[in-house]
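Ready for a short tour? Open the viewer and keep the selection tool at hand.

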Amino acid sequence: MTGRQVGVVGAGYVGLTTAACLSHLGHSVRCVDNDATRVARLRRGAVDILEPQLADLVGSGLRDGTVRFDTGLDALADCDVVVLCLPTPPGRDGAPDLGSVTSVSESISHEIPGLFALAVKSTVPPGSARALQDSLGTGRIGVVSNPEFLREGRSVADFLRPERIVVGGPSGDAVDAVASLYNSVAAPVFRTDWESAELAKYACNGFLAVKASYTNELADLCSAVGADVSEVTAVMAADPRIGGSFLAPGPGWGGSCLPKDTCGLIDTARRVGLVLDTVQAAVLSNTRHRKRLVARIAEELTGDPGASLEGHRIGILGLTFKAGTGDIRESPALAVVHDLCVRGAVVTAYDPACGSQRASAVDTDGEFQVVDDSAAAVKSASAVVVLTEWPEFRAVDWSAAAREVQRPLVIDARNLLDPAALAACGFSYHGIGRW
Ligand SMILES: NC(=O)C1=CN([C@@H]2O[C@H](COP(=O)(O)OP(=O)(O)OC[C@H]3O[C@@H](n4cnc5c(N)ncnc54)[C@H](O)[C@@H]3O)[C@@H](O)[C@H]2O)C=CC1
Ligand SMILES: O=C(O)[C@H]1O[C@H](OP(=O)(O)OP(=O)(O)OC[C@H]2O[C@@H](n3ccc(=O)[nH]c3=O)[C@H](O)[C@@H]2O)[C@H](O)[C@@H](O)[C@@H]1O
């Protein structure tokens, strides 16, 4: 396969993965980001995000000269395809802010004379690619919707071995050019119109949110009727129509995309006079579920779900929105910690990816303390709460922890730990949907 000259704009989770993987697939990649510090570090091969294999791919791309990092869009002058991996943060009314996508597209159209395909990998509402094409004119540049489905914590594996590739748009040549980037990837390619490609992305994240909310509601119901959620979900997962993923209860779903994209999906419907009841319910359910968890913690500590937590020290294990990533954006763990602090608890937290020497710095705004190991987090705690499913929490010396805590109480919002082992160490253990 002959590699293309590809530009990637944005060097975050999606952009850096895209740049590194496309160079690995044989393309010559110029990656541009307006964060000069990030670019300077990337030029030295320093990857600040926690993603398996990513630093290795960036390193080999730099050594082979197949990936280069710059701050200015002029670096993309020789590219015929540019992939936009820019942020689309939530704006007013739940609609994402497309400001950087539109302004960068406008600049690119002026600065790159040979460009003929502009791929939008950022998650955008249906109609965005069409609007972009209208603003660029129907001349040489074809806008292609190319949504990304990778998961954080396994971005490289997902990019190189995706379940599907989606390329949407009316321009045959531009769509062909974008599809050709993935010629050596074994995955079904869906060629669609713009709106279908854009909505397919929202539809997937919306469905996952609905499934996760349903699972969390079931977990609470299991507790109330004396069922075990892991037994219930095992039965569900045996049905291929349901599938086994997204059946693990937790403190609520979060991250930089599911919360943002469910709001974007709801807003998309609202603009055309429709109401997505299921997705709205999933969002509401997610907040309620988190509040129930906080109430549950208060009840275990005081006997009263609505009680103040003044005078209680709570040790938190896990701050990222899920294990395997350093990302704390929209983390349910942070929301739970905030609610506990608002009730007056003193919170000390440990996360393997967050802290002074780790991937992600948490701005606690003075509300709580982040420490560098689990022993420091649980010391003198009247409750230990597990909020992220990091496997290393299973390996905590729970016997030693039992001697350090003020009260041996563990609330495991991820059902990560072994209840019998915790009980053997003297802890009163409460999982989610199984006590
Ligand atoms: N994080 C994820 O797992 C996934 C994200 N997406 C979507 O991909 C898009 C990007 O998401 P992330 O990579 O997570 O964002 P991110 O925040 O990690 O990275 C965005 C990058 O763009 C850079 N940037 C911002 N404005 C710029 C500009 N005007 N010019 C050049 N660079 C600029 C930032 O400095 C940053 O490095 C979003 O639309 C998101 O919804 C899609 C699938 C997965
Ligand atoms: O658009 C995006 O950014 C991406 O969003 C999600 O990926 P990601 O945000 O990395 O996280 P997930 O693994 O989907 O988890 C999302 C949240 O759901 C929670 N979750 C997930 C699964 C589960 O069984 N239970 C559960 O509580 C996680 O803890 C996490 O808080 C999607 O899975 C990706 O396909 C998509 O590309």
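Start with two helices: select helix 8 and helix 11, whose crossing is left-handed. Keep in mind that this is a predicted model.

Which residues make the contact between them? On helix 8, select Gly-206, Ala-209, Val-210, Ser-213, Asn-216, Glu-217 and Asp-220. On helix 11, add Thr-278, Val-279, Ala-282, Ser-285, Asn-286, His-289 and Arg-292. Now colour your selection by class: you will find 4 nonpolar, 7 polar and 3 charged residues in this contact of helix 8 with helix 11.

Next, show the full helices, residues 194-225 for helix 8 and residues 277-302 for helix 11. Their axes come within 9 Å and cross at roughly 40°. That angle is why helix 8 counts as oblique to helix 11.

Now move on to the sheet. How many strands does this open sheet have, and in what order? There are 6 strands, ordered 11-10-9-12-13-14, and their pairing is parallel. Look for the edges at strand 11 (369-371) and strand 14 (428-430), each of which pairs on one side only. On average, neighbouring strands of the sheet are turned by 20° against each other, direction ignored.

Zoom in on strand 9 (residues 313-317) and strand 12 (residues 383-386): the two run parallel and are joined by 4 bridges. Click on Ile-316, then find its bridge partner, Val-385, in strand 12.

For the last stop, select helix 12 (residues 332-342), which packs on the sheet. Helix 12 touches strand 9 and strand 10 (346-350), and its direction makes about 160° with that of strand 10.

Terms used. Residues are numbered from 1 along each chain as its sequence is written. Chains are lettered from A and ligands numbered from 1 in the order in which they are written. This is a predicted model: local features need pLDDT of at least 70, side-chain atom pairs count only at pLDDT 80 or more; totals for chains, interfaces and linings use all residues. Axes are lines fitted to C-alpha atoms, for helices over the stretch in contact, and angles run from 0 to 180 degrees between N-to-C directions. Angles under 35 degrees count as roughly parallel, over 145 as roughly antiparallel, 65 to 115 as roughly perpendicular and the rest as oblique. A crossing is left-handed if the near helix is turned anticlockwise from the far one by less than a right angle, and right-handed if clockwise. Two residues are in contact if their C-beta atoms, placed from the backbone, lie within 7 Å. Ala, Val, Leu, Ile, Met, Phe, Trp, Tyr, Cys and Pro count as nonpolar, Asp, Glu, Lys and Arg as charged, and the others, Gly among them, as polar. Two strands pair if DSSP finds at least two bridges between them.
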